[in-house]
Amino acid sequence: MNFDNNDFSAFERDMKRAVQDLCTKYQVKLKKMHISYGAVDFDMKLSFEKDEEGLNTERVKFEMACYHYGFVPDDYMRIFEYNDVEYELIGFDRSARKYNCIVREVETGIQSKINDQFLHDIFSQELQNAAAKHEKKSGIDESFLLTAEELSLLKLKLGKSKRGAKDWGQIKTVLTGKDMLTYIPTNPNSWIYSENGIAVEYGFLSVFTNKEALEKHLQELADDGRIGTTVSIAPVAIEQVIKTADEKRINVWFDITEEKNRGYYMYDAKERELKVVIM
């Protein structure tokens, strides 16, 4: 008597029940089961993945594969627009030679694939467009600063006890194409100086998301005599901030103050990733 599909439908159900205790014990989950059979024998392949609380396996896989395609971990869930539809980059198909980047429509959640070089071209064009907009302006253009609603969203995300991939995607979307504010110290020294027109304090690039935060910090520095009472305030595109950080291997502080036990956004130049840290 030969095997047939009916035999293995029941076998597959029993096998899933049999491995459930092992999955619970070792914090894994059965991802896929594949059975191939002949007349009197069969082969079975089981695939598992980690199932720990809070573990984003999609992101872990992305970070393991991203460098192969010229991306970085911070590109996970990076949002881009193509044909008036917003997508986010979520992974890679290592078996595909051409359409090897897995993307997902932000609105519908539908997944599709795109070529890696084509996606690099889209990301590059986005940066060029943002840079071109900034080249056309002089002084502080209010339209390039974060709005009150965008500042509220950043504050809301900063105050969360834990931020998921969706949160970081929204944060990066809010910052893209925007100006940060910084200052140029009139009497630079080894502790406070500027790099590419961006203030550097104690080894960190220092930028601010709004005028109030910058003015408060300048007053703190002036009160302690660390800067003069007159400084030059300047806008700088977030893309230029990140580019300088990557080139000079300098981390970035956002909205730093003298307050203790406070959360801040920080860009880690080594890992090329935006983080939240407590000072």
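**Two nonpolar cores and a six-stranded sheet**

Leaving aside residues up to four places away in sequence, L175 is in contact with L146, L154, M180, I238 and L274. The model in which these contacts appear is a predicted one.

L175 also belongs to the largest nonpolar core, which comprises 22 residues. Together with M180, V207, V252 and F254, L175 is among the residues with the most contacts inside this core. Two or more residues are contributed by each of α5 (165-175), β9, β10, α7 (238-248), β12 (252-254) and β13. Of these elements, α5 gives the most, with four residues. Apart from this core lies another, of 20 residues, including L89, F92, V103 and I122. In soluble globular proteins, nonpolar side chains tend to be buried together.

The strands that supply the largest core lead on to the sheet. Six strands form an open sheet with mixed pairing, in the order β8-β9-β10-β12-β13-β14. Its edges are β8 (192-195) and β14 (273-278), each of which pairs on one side only. With direction ignored, neighbouring strands are turned by 35° against each other on average. Helix α4, spanning residues 148-159, packs on this sheet and touches both β13 (263-268) and β14. The direction of α4 makes about 95° with that of β13.

Within the sheet, one pairing may be followed at residue level. Strands β9 (residues 198-201) and β10 (residues 204-207) run antiparallel and are joined by two bridges. In this pairing, E201 stands opposite F204 of β10. Both β9 and β10 are also among the elements that give two or more residues to the largest core, and V207 is one of the residues with the most contacts inside that core.

Technical notes
Residues numbered from 1 in each chain as written. Predicted model: local features only at pLDDT ≥ 70, side-chain atom pairs only at ≥ 80, totals over all residues. Heavy atoms only, no water. Pairing = 2+ DSSP bridges. Axes fitted to C-alpha atoms, helices over the stretch in contact; angles between N-to-C directions. Contact = heavy atoms within 4.5 Å. Core = buried A, V, L, I, M, F, W, Y, C linked by side-chain atoms within 4.5 Å. Buried < 20%, exposed > 50% of the residue type's maximum accessible area, 1.4 Å probe, protein only.
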